[in-house]
Structure formats: structure tokens, C-alpha cells
Amino acid sequence: MTRVIIRGVVDRIEGEQVVVLLGDEGVVLHLPRQFIPEVRESDLLSLDIRVEVPAEEVRKMSPKSLLERLAWRPDR
């Protein structure tokens, strides 16, 4: 299990979801607002995520592909 720390900025709040932009690659993360109830638009977030990605695979991935793999979307 790999521990990844990613940073993003809150783009907007849509009802019970917080939409966060990760990095400069245009990757979007949708977070349930219940996990971060005090968040406001334009807040900077630092997310500590644990994900099961083999270390050798992480080294081969671009930052964008890694962020896309981590990004949870409610429509999946």
C-alpha cells in the first residue's frame, strides 16, 4: 500500500460535494462534504491518501495518471 499526499484547491461546492482541482493537469476530485464540513471555496487542501498501487507502477506513472487513478467520482 502506497501513501500519497496530494494538494488541491477547492473549485466549488455543489450541495453535498466539494469539487477539488488537483495539480495543474485538470484532474478533478469530488469529495463528500461530510468529510470536510468546514471547507470554503478557494481553500487549499492537503489530502493524505493510501492506495494499493505497487511502488514500481507508481514510479512509471505520470503525475496526471496517478491523480486520475486516485480521483473518486460519484458517477462511477
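Asp11, Arg12 and Glu14 are linked in a network of salt bridges, a salt bridge being a side-chain nitrogen of Lys or Arg within 4 Å of a carboxyl oxygen of Asp or Glu. The model is predicted, so that local features need pLDDT of at least 70 and side-chain atom pairs count only at pLDDT 80 or more, whereas totals for chains, interfaces and linings use all residues. Residues are numbered from 1 along each chain as its sequence is written, and side-chain values use heavy atoms, with hydrogens and water left out.

Within the network, arginine 12 takes part in two of the contacts described here: the closest N and O atoms of arginine 12 and aspartate 11 are 2.4 Å apart, and the side chain of arginine 12 also meets that of glutamate 14 at 2.6 Å, N to O. Accessibility is classed as buried under 20% relative accessible area, exposed over 50% and partly exposed in between (1.4 Å probe, protein chains only). The areas themselves come from the Shrake-Rupley method with a 1.4 Å probe, and for residues only the protein chains shown count as cover. Arginine 12 is partly exposed at 34%, aspartate 11 is partly exposed at 33%, and glutamate 14 is partly exposed at 39%. The structure holds three salt bridges. One of them joins aspartate 43 to arginine 40, with the closest N and O atoms 3.8 Å apart; arginine 40 is exposed, with a relative accessible area of 58%.

The protein chain contains two helices and four strands, in the order β-β-β-β-α-α from the N terminus. Helices (H or I, at least four residues) and strands (E, at least two) are DSSP runs, numbered from the N terminus. Strands β2 and β3 run antiparallel and are joined by six bridges; two strands pair if DSSP finds at least two bridges between them. In this pairing, leucine 29 of β3 is the bridge partner of valine 20. Strand β3 is mostly covered, as five of its six residues are buried.

Valine 19 lies in strand β2, which spans residues 17–22, and is buried at 0% relative accessibility. Contact means heavy atoms within 4.5 Å. With residues up to four places away in sequence not counted, valine 19 touches Val9, Val10, Asp11, Arg12, Glu14, Val28, Leu29 and His30. The list thus includes Asp11, Arg12 and Glu14, the residues linked in the salt-bridge network. Valine 19 and glutamate 41 are 22 residues apart in sequence, and their C-alpha atoms are 9.1 Å apart in space. On the same basis of counting, the contacts of valine 20 include Gly8, Val27, Leu31 and Leu45.

The largest nonpolar core has 15 residues, and those with the most contacts inside it are Val20, Leu22, Leu31 and Leu45. At least two residues of this core are supplied by each of β1 (2–14), β2, β3 (27–32), β4 (44–51) and α2 (63–70). A nonpolar core is a set of buried Ala, Val, Leu, Ile, Met, Phe, Trp, Tyr and Cys residues joined through side-chain atoms within 4.5 Å. In soluble globular proteins, nonpolar side chains tend to be buried together.

Serine 42 lies in the loop between β3 and β4. Although serine 42 is not a glycine, its phi is positive, at about 75°. Serine 42 is exposed, with a relative accessible area of 57%, and is in contact with Val9 and Val10 when neighbours within four places in sequence are left aside. The C-alpha atoms of serine 42 and valine 9 are separated by 5.8 Å, although the two residues are 33 positions apart along the chain.

For the protein chain as a whole, buried residues make up 33% of the 76 residues. The chain exposes about 5,300 Å², of which carbon and sulfur atoms supply 49%. Of the contacts with a separation of 6 or more, 54% are between residues 24 or more positions apart. The mean pLDDT is 78, and 80% of the residues reach 70 or more; pLDDT is the predictor's confidence in each residue, from 0 to 100. Among the elements, β2 has the highest mean pLDDT (89) and α2 the lowest (70). Where pLDDT is low, the predicted coordinates should not be read in detail.
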